[in-house]
Amino acid sequence: MAPIVYMVIPCYNEEQALPRTASVAREKLEGLITRSVVSPDSRILFVDDGSRDGTWSLLCALTQETSLFAAMRLSRNRGQQNALLAGLMTARPYCDAALSLDADLQDDIRVVDDFLAQFAGGCEVVYGVRRRRDTDSAFKRGSAKLFYRLMKVMGAETVENHADYRLMGRRALNALAEYGETNLFLRGVVPLIGYPSGVVYYDRADRTAGESKYPLGRMLSFALEGVTSFSVRPLRMITLLGIAVAAASVAGLLYALISKVTGSAVAGWTAIISSIWLLGGLQMLCLGVCGEYIGKIYSEVKHRPRYTVEQLLLTARPREWETDADSE
């Protein structure tokens with residue numbers, strides 16, 4: 001029996017790109033259904049992450065065209081990661097596998113067949129990985145390499161050159177539902193699941209319309225979220241830094257005492273001011289890193305919902321899944 005597959009597409013102010021995206025995604029899904037690669041019960045699920053333009057109106061119109069389209073609207077903007085999670089968790093009761101991709105058509109939808117082939121071959125998670133970054137600017141290529149190296153040094157398990165173009169089977173989705181952290185970084189969470197996985201390589205295209213939702217400031221914030229969500233090494237580095245500074249301070253004190261005793265001390269303020277600024281800067285940096293972790297603890301202990309669904313337009317019924325024990 002062909003699997004039920006849901007394409008989950010988060011949207012934020014994608015009014016310009018949606019008509020083209022919906023047309024291409026529909027054509028692809030209809031082709032898969034015609035060839036019996038996926039079930040006719042498969043859907044394209046758009047997630048409106050509190051858009052301020054006409055995105056939701058367009059999505060409502062699309063769901064009237066065909067039952068292949070489904071749409072859900074979050075009550076407010078919660079960020080791409082939470083919007084994607086909302087779509088995956090909504091699709092989970094209905095599908096055998098969920099495929100997440102961007103609304104700007106930069107992810108090559110033509111390789112969906114490769115995702116499904118690896119899923120049929122036993123892979124519970126399939127990652128879409130970019131072959132190259134030739135179309136990126138030098139700054140973006142350099143910052144991306146720095147990000148993945150930093151994540152590796154900090155001990156976080158990620159797939160290099162993989163964003164959020166991935167397929168997850170039902171077992172992987174059920175496992176993902178058990179991760180309840182508020183500070184969400186799916187690129188780090190999904191590899192922790194541990195089920196058999198595969199990789200599909202593709203070439204990333206330019207945006208069809210609209211503008212990028214990840215300017216420099218948001219990219220830096222995203223990187224900081226990833227590091228502090230999956231590693232305590234910055235805290236350990238602070239400890240080592242404190243030990244090094246303390247050792248240097250003892251050495252400086254001994255030097256000052258020897259200079260005083262031998263009468264070679266020279267009056268001056270440059271060294272004093274420099275050391276004060278250095279130590280003050282280090283202290284502020286260490287307090288900032290500690291503050292990031294304390295802030296995450298504060299967010300986690302409140303257990304607030306990561307998103308709230310305002311409206312769901314979906315013509316399907318949840319499946320009565322058999323247990324894994326029964327299926328074996």
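The following exercises, each with a worked solution, concern a predicted model of a protein chain.

In this predicted model, local features need pLDDT of at least 70 and side-chain atom pairs count only at pLDDT 80 or more, whereas totals for chains, interfaces and linings use all residues. Residues are numbered from 1 along each chain as its sequence is written, and side-chain values use heavy atoms, with hydrogens and water left out.

**Exercise 1. The chain as a whole**

Task: Describe the secondary structure, burial, contacts and surface of the protein chain.

Solution.
1. The chain contains 11 helices and eight strands. These elements are DSSP runs numbered from the N terminus (helices: H or I, at least four residues; strands: E, at least two).
2. Of the 328 residues, 42% are buried. Buried means under 20% relative accessible area, exposed over 50%, and partly exposed in between (1.4 Å probe, protein chains only).
3. A contact requires heavy atoms within 4.5 Å. Among contacts between residues at least 6 apart in sequence, 84% join residues at least 24 apart.
4. The exposed surface of the chain is about 17900 Å², of which carbon and sulfur atoms supply 57%. Accessible areas come from the Shrake-Rupley method with a 1.4 Å probe; for residues, only the protein chains shown count as cover.

**Exercise 2. Cysteines**

Task: State how many disulfides the structure holds, and classify Cys95 and Cys123 as buried or exposed.

Solution.
1. A disulfide is a pair of cysteine sulfur atoms within 2.5 Å; the structure holds zero of them.
2. Cys95 has 0% relative accessibility and therefore counts as buried.
3. Cys123 is also buried, because its relative accessibility is 14%.

**Exercise 3. The surroundings of Arg73**

Task: Locate Arg73 in the secondary structure and identify what its side chain joins by a polar contact.

Solution.
1. Arg73 belongs to strand S3 (residues 69-74).
2. Its relative accessible area is 18%, so Arg73 is buried.
3. The side chains of Arg73 and Asp48 form a polar contact of 2.5 Å. Such a contact is a pair of N or O atoms within 3.5 Å; within protein, one must be able to donate a hydrogen and the other to accept it, and residues adjacent in sequence count only if both atoms are side-chain atoms.
4. Leaving aside residues up to four places away in sequence, Arg73 touches Asp48, Ser51, Trp56, Thr308, Val309, Glu310 and Gln311.

**Exercise 4. Helices H1 and H7**

Task: Compare the expected span of H1 with the distance between its end C-alpha atoms, then list the buried residues of H1 and H7.

Solution.
1. The expected span of a helix is 1.5 Å times one less than its number of residues. For the 17 residues of H1 (residues 18-34) this gives 24 Å, and the end C-alpha atoms are 24 Å apart, which agrees.
2. The buried residues of H1 include Leu18, Ala22, Ala25, Leu29 and Ile33.
3. An α-helix has 3.6 residues a turn, so residues three or four places apart point the same way.
4. The cover over the buried residues of H1 includes strands S1 (5-11), S2 (43-48) and S3, together with helices H2 (55-65) and H4 (112-120).
5. Just after H1, Ser36 adopts a positive phi of about 60°.
6. In H7 (residues 186-193), seven of the eight residues are buried, so this helix is largely enclosed by the rest of the structure. They are Leu186, Arg187, Gly188, Val189, Val190, Pro191 and Ile193.
7. Gly194 follows H7 with a positive phi, near 90°.

**Exercise 5. Pairing of S1, S4, S5, S6 and S7**

Task: Trace the pairing of S1 with S4, S4 with S6, S5 with S6 and S5 with S7.

Solution.
1. Two strands pair if DSSP finds at least two bridges between them.
2. S1 and S4 run parallel and share four bridges; Met7 has Leu99 of S4 as its bridge partner.
3. S4 and S6 run antiparallel, also with four bridges, and Ala97 is partnered with Gly169 of S6.
4. S5 joins S6 (residues 162-169) through four bridges in the antiparallel sense, with Val129 opposite His162.
5. S5 and S7 (residues 197-202) are parallel over six bridges; the partner of Arg130 in S7 is Tyr202.
6. Both faces of S5 are covered: Val125, Tyr127 and Val129 are buried on one side, and Val126, Gly128 and Arg130 on the other.
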